[in-house]
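Please open the model in a viewer and keep the selection panel at hand. The tour below proceeds by selections, each followed by a description of what is found there.

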Number of protein chains: 2
Amino acid sequence: MVTLADVARLAKVSTMTVSKVLRGTGAISDETKTRVFEAADQLGYVPNRLAGSLSTRKSMLVAVLIPSIADTIYAEIISSLHGLLDQASLSIFIAESRMDPQIEERQVQELLSLRPAFLIRSGGIDSTKRTQALLKRFKVPHIQIWDGDDPQGQVNVGPSHIEAGKLAAAHFLGLGLNRVAYVGAETQLDICASRRMESFMADMNAAGVEVSVITEPHLPRQAESGEILTRQLLEGGLSVEGIFYLNDAMAIGGLRTLLNAGYRVPEDVRVMGFNGTSREQTINTRLTTISTDGRRLGEAVAKAILESDNGELAEFRQLCPLTLDLGNTT
Amino acid sequence: MVTLADVARLAKVSTMTVSKVLRGTGAISDETKTRVFEAADQLGYVPNRLAGSLSTRKSMLVAVLIPSIADTIYAEIISSLHGLLDQASLSIFIAESRMDPQIEERQVQELLSLRPAFLIRSGGIDSTKRTQALLKRFKVPHIQIWDGDDPQGQVNVGPSHIEAGKLAAAHFLGLGLNRVAYVGAETQLDICASRRMESFMADMNAAGVEVSVITEPHLPRQAESGEILTRQLLEGGLSVEGIFYLNDAMAIGGLRTLLNAGYRVPEDVRVMGFNGTSREQTINTRLTTISTDGRRLGEAVAKAILESDNGELAEFRQLCPLTLDLGNTT
DNA sequence: TGTTTATGTGTTATCGATAACAAGATAGAT
DNA sequence: ATCTATCTTGTTATCGATAACACATAAACA
């Protein structure tokens with residue numbers, strides 16, 4: 001492995017000089033500079049940032065902790081983040097919490113052991129006491145995303161899920177629906193989804209509309225679960241005029257079940273999702289959904305990081321706008 | 001920041017003893033062990049793995065370099081990888097090459113500067129000479145994914161895109177089509193897609209069927225591009241009986257355009273995609289596509305890593321099976 | 001000529017951990 | 001009682017870089 005010392009030896013200078021040349025700090029004569037550059041190039045030297053970070057006590061690492069990378073909305077956020085942070089040579093490393101506080105605790109430890117310069121964490125899960133204590137003690141600049149309703153960390157960027165539930169309710173009420181359902185999964189873990197459900201129910205109830213809740217704590221938030229739960233709903237003999245699903249994937253599954261069972265959408269039942277992740281993938285049936293722009297969210301986070309003063313984040317909260325994407329299912 | 005020394009001080013032992021206790025190496029009396037554990041716990045000590053890695057000269061980092069995290073197929077691979085590597089306390093950090101050799105070169109440098117234990121890299125792009133030289137010089141255990149046709153690195157896991165093209169051709173030929181088109185984007189960068197196209201064309205041509213190629217080097221591989229290029233195809237007055245798209249997203253866009261223009265699918269035109277990323281998201285129109293299982297691919301890679309002998313990968317190649325997912329668009 | 005001021009370059013200590021070895025304490029063997 | 005073996009703990013050097021400072025050398029000024 002090529003080290004600074006190897007380059008120094010070849011260029012016949014000290015390691016310190018090489019270090020200065022390669023980072024562009026200090027005053028170095030042009031002649032030495034070229035000698036050093038040539039030596040580094042010839043040896044294919046790539047600095048060891050682990051050592052560098054240890055020495056300077058600043059890391060170039062940005063830790064990202066989210067429920068799942070396979071969830072399109074988070075993948076979008078990370079992708080946009082990476083594009084922007086890359087300019088500053090910040091590296092991103094990721095971990096999945098799967099919405100589980102215990103797993104989250106372990107992941108936070110793993111992430112902190114790399115001494116990241118920033119920790120980006122998806123909110124909306126009920127972190128353990130130890131997790132909270134760790135985060136407080138380490139006082140890593142902490143950015144919470146996704147949960148705009150319960151700001152934590154110096155920076156918070158995300159949509160209000162309470163607002164999302166209200167939007168859904170307003171939409172259904174505007175259509176004059178009288179009997180509706182909410183279909184979800186992994187209920188006790190996902191606080192954001194709970195908030196959507198609760199504010200949806202509250203507003204519906206306030207207007208005199210009852211909401212049937214169909215949830216199953218252990219099903220994943222996928223299309224298949226949407227199918228299963230919707231089948232349950234139909235078998236239960238409940239006839240509803242509208243269904244608000246936890247997310248787009250489940251809504252798609254629900255749609256499949258409804259259409260297969262001979263229901264017409266939206267004539268017989270209206271269907272609404274959340275997140276807008278199906279937008280790109282649908283053809284004639286365009287799901288009505290409520291969404292927020294993941295790439296824009298990523299940009300806001302990147303901005304906060306890039307504008308941080310020597311690693312110190314300025315306090316910043318931003319509620320990401322939600323839009324009701326009208327499809328043809330409501 | 002709490003260090004080993006802090007823990008040692010509180011437990012009234014040397015740093016070495018603390019290090020041994022926390023890693024479970026060496027012979028330590030039970031009494032000291034509990035004292036150390038208590039001290040560590042009380043201080044909320046989290047080891048600094050940067051320092052640890054520097055000292056042991058082994059890192060716990062796995063670098064992943066892919067075209068885009070927002071591309072569902074890669075997100076799936078990473079998610080499955082993370083789940084398995086986590087057991088071994090291996091951290092994953094990611095970088096996007098956007099299919100650009102120059103960007104890839106820069107990303108490889110960034111990644112190598114973190115001295116990863118393994119480098120997982122998506123093949124199918126034409127790496128620069130410097131990139132290749134770097135990878136060779138560093139001799140990081142190198143795993144190539146996604147491109148099964150041109151194995152590089154000690155481990156190679158991915159589908160054969162030549163085979164995919166052949167599958168597509170066989171399917172269209174089996175349907176008796178006589179005039180078909182291939183629609184793609186970013187052509188000169190994506191070698192895997194090129195291979196699919198070329199083997200598709202070769203087999204079609206061999207059977208006497210001509211293939212119209214509609215591509216645009218600078219369009220992204222999205223639904224919208226599928227719309228644009230399909231519109232171009234229609235405006236060109238070309239009447240084809242089948243279209244093979246670069247991926248599912250573009251095929252979906254193409255489907256939208258075709259249906260809007262009054263074409264019936266599959267009666268007038270057959271449509272086929274690649275990757276299967278739309279499967280979860282479609283409702284009545286189920287796209288015929290060719291796919292490989294991303295999670296399984298991730299598992300194979302994780303297995304190779306976990307079974308590596310002290311960081312040394314055993315040579316291993318695996319062609320991931322491709323399946324033709326018959327929908328109702330062909 | 002002697003002193004100051006730039007301008008380059010090198011020394012030393014340090015970051016937080018671990019490897020390798022050294023050493024003190026205790027117990028058992030002779 | 002002496003010696004060796006075992007068990008436990010501590011010392012020192014090191015990983016690859018950088019911060020802070022020290023030291024040459026040459027130019028600039030009185």
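**First stop: DNA strand D**

Select B:Thr32 together with DNA strand D: a polar side-chain atom of B:Thr32 is 2.6 Å from a phosphate oxygen of the strand. Please bear in mind throughout that this is a predicted model.

Next, select A:Leu4, where a polar backbone atom lies 2.3 Å from a phosphate oxygen of DNA strand D. Then move to A:Ser55, whose side chain places an N or O atom 2.6 Å from a sugar or linking oxygen of DNA strand D. Two or more residues of the surface near DNA strand D come from each of α2 (15-23) and α4 of chain A, and from each of α2 (15-23) and α4 (49-56) of chain B. Of the elements, α4(A) gives the most to this surface, with four residues.

Now widen the selection to the full surroundings of DNA strand D, which comprise 24 residues; A:Leu4, A:Ser19, A:Tyr45, A:Ser55 and B:Thr32 are the closest. Of the atoms of DNA strand D that come within 4 Å of the protein, 67% belong to sugar and phosphate. Colouring the surface near DNA strand D by class shows 11 nonpolar, 10 polar and three charged residues.

**Second stop: the interface of chain A and chain B**

Select the residues in contact between the two chains: chain A contributes 62 residues and chain B contributes 62 residues. About 5,500 Å² is buried between chain A and chain B, and carbon and sulfur atoms give 55% of that area. Highlight A:Leu50, A:Gln281 and A:Ile283, which supply 14% of the area that chain A buries against chain B, more than any other three residues.

Display A:Asp86 and B:Arg106 next; their side chains form a salt bridge, with N to O at 3.4 Å. Six salt bridges are found across this interface, and 28 residue pairs are in polar contact, both residues being at pLDDT 80 or more. Elements giving two or more residues to the side of chain A that touches chain B include α3 (30-43), α5 (72-85) and α6 (101-112) of chain A. The most is given by β2(A), with six residues. By class, that side of chain A has 26 nonpolar, 21 polar and 15 charged residues.

**Last stop: the paired strands**

Which strand of chain B pairs with β2(A)? Select strand β2 (residues 91-96) of chain B, which pairs with β2(A) in the antiparallel sense over three bridges. To finish, label A:Ile92 and B:Ile94: A:Ile92 stands opposite B:Ile94 in β2(B).

How values were computed
Residues are numbered from 1 along each chain as its sequence is written. Chains are lettered from A and ligands numbered from 1 in the order in which they are written. This is a predicted model: local features need pLDDT of at least 70, side-chain atom pairs count only at pLDDT 80 or more; totals for chains, interfaces and linings use all residues. Side-chain values use heavy atoms; hydrogens and water are left out. Contact means heavy atoms within 4.5 Å. Buried area is the accessible area (1.4 Å probe) that two parts lose on being put together, summed over both. A salt bridge is a side-chain nitrogen of Lys or Arg within 4 Å of a carboxyl oxygen of Asp or Glu. A polar contact is a pair of N or O atoms within 3.5 Å; within protein, one must be able to donate a hydrogen and the other to accept it, and residues adjacent in sequence count only if both atoms are side-chain atoms. Ala, Val, Leu, Ile, Met, Phe, Trp, Tyr, Cys and Pro count as nonpolar, Asp, Glu, Lys and Arg as charged, and the others, Gly among them, as polar. Two strands pair if DSSP finds at least two bridges between them. A residue is near a molecule or strand if one of its heavy atoms lies within 4 Å of it.
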